[in-house]
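Good morning. I will go through one structure today, a part at a time. Please look at the model while I talk.

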Amino acid sequence: MEIYNAGNRVMNTYIYRALQGYIMIDTGYEHSLKRVEKRANKQGISLSEIRYVFLTHAHDDHAGFLNELLSKYPDLKVVIHHQAIPVLLRGQNSFSGGCSSLLALAFCRLMGLIGKGKHLFPAVDKQYIDRLIEITPQNQANIENILHGKILFTPGHTADSISLKMGNKIFCGDAAMNGIPSLKRVTIWIENKKAFQNSWKLLMDEKADWIFPAHGKPFRREELQKYITCISKIRLCRLKG
């Protein structure tokens, strides 16, 4: 199955074809829809062909233009963890947890200095609530059939973090990262360190060859094994004010 990336160096927006149409994994920051549309068009994909968005979690860089997508494309639906709904309706990231390193903390402070520290994004309009598909034990198998993949619950970065395994690849959202200011594939923000470490164990147990993060290039699963012991040594740096 061919995987397209309509994102950029900051945020990956993966797209692939399923039987019912294209699936998009995450969106991107607010105001980036036109750029994503342009990149998708260059690969022969019209966003009108997107039937589902698989939202790995409700953060501003992953759901930034989700409301705009729902408004523009009435046939589109969104697969989410049920805990994503309050965040999507609020239009702002949760601030539970902290930064995973001093470098990550410096980056977060820089985001604040340039006016991005509140991590706001356009809230999903309540009129679209029936197009948000919460994963439940009753519907999970059907959703996986539609997506052609296996849904993995990978909390830690956020409580609502989910991943999608397709063959020898896992699309993990921010359950791992690959690039500055991330260190050793650990995402820069962690809500729950123990849950984050357990999610890495789950990703390793699935024995996919490649991990596709939302930020940075794909990397081999063995790198999680290499760095997993580092997670227990992390002391989360809390943001103040």
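Let me start with a single residue, K150, which is partly exposed because its relative accessible area is 38%. What you are looking at is a predicted model, so please keep that in mind throughout.

Which residue does the side chain of K150 meet in a salt bridge? The partner is E206, at 3.0 Å from N to O. The two belong to distant parts of the chain, 56 residues apart. K150 is in strand β8, residues 150-153, while E206 is in the loop between α7 (193-205) and β12 (210-213).

Is E206 buried or exposed? E206 has a relative accessible area of 14%, and the cut-off for buried is under 20%, so E206 counts as buried.

There are 7 salt bridges in the structure. Another one joins the side chains of R17 and E49, at 4.0 Å from N to O. This pair also links distant parts of the chain, with the two positions 32 residues apart. You will find R17 in strand β2, residues 14-18, and E49 in the loop between α1 (33-42) and β4 (50-54). R17 has a relative accessible area of 47%, which makes it partly exposed. E49 is also classed as partly exposed, at 29%.

One more pair: the side chains of R220 and E222 form a salt bridge at 3.7 Å, N to O. R220 is partly exposed at 35% relative accessibility, and E222 is partly exposed at 42%. Coming back to where I began, K150, K165 and E206 are joined into one network by salt bridges that share partners.

Next, the loop between β10 and β11. Strand β10 covers 169-173 and β11 covers 189-190, and L183 is in the loop between them. P181 is in this loop as well, and so are K184 and R185.

What is the form of the peptide bond from I180 to P181? That bond is cis, with omega near 5 degrees. I mention it because most peptide bonds are trans, and most residues other than glycine have a negative phi. On the second point, K184 has a positive phi, near 55 degrees, and is not a glycine. R185 is not a glycine either, and its phi is positive at about 65 degrees. K184 is partly exposed, with a relative accessible area of 46%.

L183 is partly exposed too, at 43% relative accessibility. Together with L103 and I180, L183 makes up a nonpolar patch on the surface. The accessible area of the three together is about 320 Å².

Last, the pockets. Rolling a probe the size of a water molecule over the atoms shows where empty space is left. The largest pocket has a volume of about 810 Å³. How many residues line the largest pocket? There are 34, and those closest to the centre are Y29, D60, D61, M111 and H119. Two elements each give two or more residues to the lining: α2, residues 60-63, and α5, residues 102-113. Of the elements, α5 gives the most, with 3 residues. Sorted by class, the lining of this pocket holds 14 nonpolar, 13 polar and 7 charged residues.

That is my part. Any questions, please ask.

Terms used:
Residues are numbered from 1 along each chain as its sequence is written. This is a predicted model: local features need pLDDT of at least 70, side-chain atom pairs count only at pLDDT 80 or more; totals for chains, interfaces and linings use all residues. Side-chain values use heavy atoms; hydrogens and water are left out. Patches are made of residues with over 30% relative accessible area and no salt bridge: like charges are joined within 9 Å, nonpolar side chains (Val, Leu, Ile, Met, Phe, Trp, Tyr) within 5 Å. Accessible areas come from the Shrake-Rupley method with a 1.4 Å probe; for residues, only the protein chains shown count as cover. Helices (H or I, at least four residues) and strands (E, at least two) are DSSP runs, numbered from the N terminus. Buried means under 20% relative accessible area, exposed over 50%, partly exposed in between (1.4 Å probe, protein chains only). On a 1 Å grid over the protein atoms alone, a cavity is a set of points where a 1.4 Å probe fits but cannot get out, and a pocket is an open set with protein on both sides within 12 Å along at least five of seven lines; lining residues have an atom within 4 Å of a point. Grid points are joined across faces, edges and corners, and a volume is the space filled by probe spheres set on the points. Ala, Val, Leu, Ile, Met, Phe, Trp, Tyr, Cys and Pro count as nonpolar, Asp, Glu, Lys and Arg as charged, and the others, Gly among them, as polar.
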